[in-house]
Amino acid sequence: MSLARMPNVLHPVSAWSVLLLSAVLLVTGCSSAGQQRSSPAPTGCTHTITQADDVSVALADALPGDTYCFTGGGFTGMDVTMIRSGTAAAPIRLVGDGSTVRDIHVAADYVVVDGFLVADGDGVLLQGTGLTARDITVHDTQQGGITCAPCMDSTIRSNTVQHVSTVGIWISGQRITVDSNTVSGTVPRGNGDADGMRFFGEGHRITRNTIQDILAGNSESPPHPDCFQTYDSESPPTFDVVIQGNTCRNVDAQCLIATGDRHGNGDAPAGVPSITFLGNTCAPNGDQAVNLRTWPNVEIRQNTFTGPHLTRAIMIINGSTGCTVVGNTTRDQVKVVEIDNSSRPGYHADANP
């Protein structure tokens, strides 16, 4: 209850209680929905939405520069859909300030989604150019947590993804930044897998994320949990991807796996690193932290590899040529690299224990 809604006459004890509650909220930085935000509470709202029935009508008239602020607890179970585009100079903002919704779908350009809690539905599904998803908490979805596919020049930052199905964050397209997110407890759906992040395409920057506590469990078809995964299926070629400064811990398989079993990521341009894996802290539970299979031109530099079951830090096999391994460390008596003969052409290693 806000001071504006209090009766005109207050008993002294009630007034003191309200003032004390206000002070606690100010110190803790809690929003009206109880969710802590790393960014300030919304300002500059051009439209305020308080009822679920008003959402679709309001968003149908969105114009560049509009900011829609969702307030109150009346949105649980609804799908927020945006198909109107902003501009690079004047994006459309959807600000939840902790409001709970079932899922969010954006098929438009230059839209910012900020501060929602998303639960029990499809998660956050983004498609377009210049999109931003930030300060969102996603949990217990029927699909993945946050998906940006296909996206261009977009950002996924400071989100928390917990106990979602299949994969925490999935990106495909060009120049997507995935920064300072936390993913934990991904679970399989059906006979599927359970991963932290999957990436496809070019020019991505995946930095300062934490992925943890993804376990295989005891099901008949247990998942193969990895922190970062890519593969060549019907997706675009993957190259010029930098994965830097991330933490991967207590994940039952690997920190990074890249497999080119169909055509070895052969559509990627020659002479360009497909993946640069730099300065990460990897403590998975598998036999190796990095697994490259038929996936060439990967640079693995200055990482720290630990984990209770490591027999080697990096495995490079099946024609994964042109790889570089420099300045990595492992725990005592764990070899840094195991590489087969088919992957040795173009291989370079230096300054590893």
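1. Tyr 110 is a good place to start: in this predicted model, its relative accessible area is 27%, so the residue counts as partly exposed. Its backbone deserves a look too, since Tyr 110 has a positive phi of about 55° without being a glycine. You will find Tyr 110 in the loop that links β5 (100–107) to β6 (111–114).

2. Gln 333 also has a positive phi, near 65°, and is likewise a residue other than glycine. Gln 333 sits in the loop between β28 (329–330) and β29 (335–339). With a relative accessibility of 87%, Gln 333 counts as exposed, whereas Tyr 110 is partly exposed.

3. Do also check the peptide bond between Ala 149 and Pro 150, which is cis, with omega at about -15°. Pro 150 belongs to a strand, namely β10, spanning residues 146–157.

4. Which strand is joined to both β15 and β21? Follow β18 (residues 241–244): three bridges link β18 to β15 (residues 205–207), and the two strands run parallel. On to β21 (residues 275–278), β18 has four bridges, again in a parallel arrangement.

5. You can trace this pairing residue by residue through Ile 243. Ile 206 has Ile 243 of β18 as its bridge partner, and Ile 243 in turn is partnered by Phe 277 in β21. When you inspect side chains along such elements, keep in mind that in a regular strand they alternate between the two faces of the sheet.

6. Stepping back to the whole protein chain, you will see 30 strands and two helices. Among contacts with a separation of 6 or more, 54% are between residues 24 or more positions apart.

7. How much of the protein chain is buried? Of its 353 residues, 48% are buried. The chain exposes about 15600 Å², and carbon and sulfur atoms supply 51% of that area.

8. A friendly word on confidence. The average pLDDT of the protein chain is 88, and 87% of the residues score at least 70. Residues 1–36, however, have a pLDDT below 50; this stretch makes 21 contacts in the model beyond near neighbours in sequence. Where pLDDT is low, the predicted coordinates should not be read in detail. Please treat the contacts of residues 1–36 in that light, given the pLDDT below 50 there.

Note on methods:
Residues numbered from 1 in each chain as written. Predicted model: local features only at pLDDT ≥ 70, side-chain atom pairs only at ≥ 80, totals over all residues. Heavy atoms only, no water. Buried < 20%, exposed > 50% of the residue type's maximum accessible area, 1.4 Å probe, protein only. Contact = heavy atoms within 4.5 Å. Areas by Shrake-Rupley, 256 points an atom, 1.4 Å probe, with all protein chains shown as cover. pLDDT = per-residue confidence, 0-100. Pairing = 2+ DSSP bridges.
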